[in-house]
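Here are my notes for a colleague opening this entry for the first time. Please keep the view at hand while reading.

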Amino acid sequence: MYEMDGEEIFVIDGHVHLWDAREENIIHEGGEQFLQCFYDYHTGFTPEEEQWDIDTYRHYGADKMTEDLFGNAAADMAIFQPTYLDDFYDEGFNTTEQNAELAEEYPERFVLNGSFDPRDGEEGLRYLEHLKAEYDIPGVKLYTAEWRGESKGWRLDSDEAFEFLEKCADLGIENINAHKGPTIRPLNRDAFDVKDIDDAASSFPELNFIVNHVGLPRLDDFCWIAAQEPNVYGGLAVASAMSTNRPRKFGEIMGELLYWLGEDRVLFGSDYALWNPDWLVEQVLNAELTDEQRDEYGVELDVDTMKKVMGENAAELYDIDIEEKKRQFRDDEVTERFDLESHYGGDAGAAAD
Amino acid sequence: MSGSSAGPTSGPGGDAASDMTGDAGDSTDDPSGDPDGTSTVRDRLDRVEDPELARSIVELDYVDAIEVDGDRVEVRFTLPTAWCSPAFAWMMATDARDEVEALDWVREARIELCDHMHGEEITTGVNARDTFGETFPDADGGVAAVRAAIADKARVSTQREAVSELLDAGVDPEQVVALERSEVEVAGDEAHVSLDGLAVVVDAEPVADYLDRVETSGHVTEPDDTLFLTPEGDPIPAERLDVVQKRSRLASVNMGGQGAVCDALHRARHGPDGPDGSGASYVDQSGDGPSAYDGDVDEFTSTWTLGSND
């Protein structure tokens, strides 16, 4: 938690991974390229003194991750968003199962999302049921631009995808996180657009569609769709890192998001380990709009807005009771490990029980 | 006349300043005053844009080297990431080739795309004058469609400043949305707007920028075409002008945001000192034969050297 203008800000990092890109796990050159590309993103938007070496970046492990997220209470909770990439990584890059290693160790601190791919057909539906039964997943992370065989991706508004969304609705998997971020090969029309979100969101009003990376480099299409679909949300992974070195750009993007979506539908995410909430959270909280931007957009990054963006909006989507969590964290394992008792007001809290 | 690498920029747009109109002036085709011709080539390359950012590849510092040998020119360039879309990379490579060859003393331009996952294929294809489809047989959707989509974004993002210029000059929203192409004329530093016999004079720059984009995108070609349009390409109801202006702002913020990402990746790869800095070259293209683009992979794979290792 952070204090801003005397108020506590409970931070839910909406986008984290526990990945494994060690050489022994890489089975295709694409896996190495992928990791190197991530590393460029890392160094490109990380202050020099916070940058990791490449070996750490390949595999940091559950222990370091716990410390990075919670050691200085940068985040209070975090949401896993798996990325499978089975063609590249023997055991996957960060599957639901891999992320579960840590999520199950500190269940009170993590939300564990699953994933589906409609091209898996019947088997995919069974896997989704399995994920629900095994981990009680409240959401899925989807990668519509993933190539497979002859297929160059899939659309959220296809019949096959609707069958899976129907299944999500049946199972109570409400949060559909779609990666609509930087893509590598906009050769086919699909990779270029976020429009399939539109039809899916209006067809499944009972589901929430969180568009990761706020659609960059299609922020314009994304905002326009989100302005018309109340169940479409923007995830700030990548965008939040632009507060490093590019505060003005970050301000502009926040201005646009708050203008078109409003403060209730924007969610912070670090995309750990691309970036580390250890320093990123504070940097985002300190970000300010320029006077010009305030005039232009008519919005503020004030404490009320930040409370929502950094935690409350995610809490709403994932049914997290923040006050209850604060009480729980006075003496949970993470708090004991990192001596956070006073941070969560352990002493004062005891009287309230 | 040995090859020399491109010297420090003498023209405008050499730094990261947000001068979007880095007009290099009308460079002549005459290499006199530029003994080895590299400056002339560089000026010419300033016309080539990164389609995603609508900014010059010279201004963006993608050009690594220009070598002139008589009437043959070689240009090497590197993009911010090895993963940059092959379609975009293709456009920049072919545009660079065509612009340099438009100089009347140049007989042949050779383009090399460095450190890209498809660098070898693109370099080979562009220099062999193959089409994109021949180079990437399984790519669906050609370069033309991507170009059109990009041109459209550039149209939308430049409209706002042109419209603001007119509104600031006192033109009513009703008049703005009704304007036709023939009613606006650029003359030197001024743009003249005819309104029922009255002429309003405004700064030419934003208007000329917009005219350039809206003509390139093919939305305005005839004298009686409506000049300003919604992102969808329709005439704008006057009461919607404000929201259309905001959407235009959004389109420019999107481009600028992507520009920041590309720039950061460019620096991450090469450091401030360019591609020869200490950073490793992540894409080893030296090796194992041509890579097929067989689509048997997911988005991030491209089989550039599939299975070359073990």
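The points below go from whole chains down to single residues.

1. **Status of the model.** This is a predicted model. For chain A, the mean pLDDT is 91, and 93% of its residues reach 70 or more. Two stretches need care. Residues 184–189 of chain A have pLDDT below 50, and this stretch has 29 contacts in the model beyond near neighbours in sequence. Residues 348–353 of chain A also fall below 50, and that stretch has 4 such contacts. Where pLDDT is low, the predicted coordinates should not be read in detail.

2. **Chain A overall.** The chain has 15 helices and 10 strands. It runs to 353 residues, of which 66% count as buried. Its accessible surface comes to about 13000 Å², with 41% belonging to carbon and sulfur atoms. What share of its contacts with a separation of 6 or more comes from residues 24 or more positions apart? The share is 76%.

3. **Chain B overall.** Here there are 8 helices and 8 strands. Of the 310 residues in chain B, 50% count as buried. About 13700 Å² is exposed, and carbon and sulfur atoms supply 46% of that. Among contacts of chain B with a separation of 6 or more, 63% join residues 24 or more positions apart.

4. **The S6-S7-S8 sheet of chain B.** Three strands form an open sheet in the order S6-S7-S8, and the pairing is antiparallel. Which strands stand at the edges? They are S6 (184–187) and S8 (198–203) of chain B. Each has a single partner strand, so one side of each is left without a neighbour in the sheet. Neighbouring strands of this sheet are turned by 25 degrees against each other on average, direction ignored.

5. **Pairing and packing in that sheet.** Strand S7 (residues 190–195) of chain B is joined to S8(B) by 6 bridges, and the two run antiparallel. One residue pair to look up is B:Glu190, whose bridge partner in S8(B) is B:Asp203. Helix H7 (residues 204–216) of chain B packs on the sheet and touches S6, S7 and S8 of chain B. The direction of H7 makes about 95 degrees with that of S8(B).

6. **The S3–S4 hairpin of chain B.** Strand S3 (residues 63–69) of chain B is joined to S4(B) by 6 bridges, again in an antiparallel arrangement. B:Val68 has B:Val73 in S4(B) as its bridge partner. The hairpin has 2 residues between the strands. B:Gly70 takes a positive phi near 65 degrees in this hairpin.

7. **B:Arg76, on the hairpin.** This residue sits in strand S4 (residues 72–78) of chain B. Is B:Arg76 buried, exposed or partly exposed? It is partly exposed, because its relative accessible area of 24% lies between the 20% and 50% limits. Leaving aside neighbours within four places in sequence, B:Arg76 is in contact with seven residues listed here: B:Tyr62, B:Val63, B:Asp64, B:Ala65, B:Glu67, B:Glu112 and B:Cys114. B:Tyr62 is 14 residues away in sequence, and the C-alpha atoms of the two are 8.7 Å apart.

8. **Helix H3 of chain B.** H3 (residues 119–127) is mostly covered, with 7 of its 9 residues buried. Among the buried ones are B:Ile122, B:Val126 and B:Asn127. Polar or charged names appear too, including B:Glu121 and B:Thr123. What do the buried residues of H3(B) pack against? They pack against helix H2 (86–101), strand S5 (108–114) and helix H4 (132–135) of chain B. After H3(B) comes B:Arg129, with a positive phi near 60 degrees.

9. **B:Ser157, in helix H5.** This serine lies in H5 (residues 143–168) of chain B. B:Ser157 counts as buried because its relative accessibility is 12%, under the 20% cut-off. Not counting residues up to four places away in sequence, B:Ser157 touches B:Ser248, B:Ala251, B:Ser252 and B:Met255. B:Met255 is 98 residues away along the chain, yet the two C-alpha atoms are separated by 8.4 Å.

Terms used:
Residues numbered from 1 in each chain as written. Chains lettered and ligands numbered in written order. Predicted model: local features only at pLDDT ≥ 70, side-chain atom pairs only at ≥ 80, totals over all residues. Heavy atoms only, no water. Helix = DSSP H or I, 4+ residues; strand = E, 2+ residues; numbered from the N terminus. Buried < 20%, exposed > 50% of the residue type's maximum accessible area, 1.4 Å probe, protein only. Contact = heavy atoms within 4.5 Å. Pairing = 2+ DSSP bridges. Axes fitted to C-alpha atoms, helices over the stretch in contact; angles between N-to-C directions. Areas by Shrake-Rupley, 256 points an atom, 1.4 Å probe, with all protein chains shown as cover. pLDDT = per-residue confidence, 0-100.
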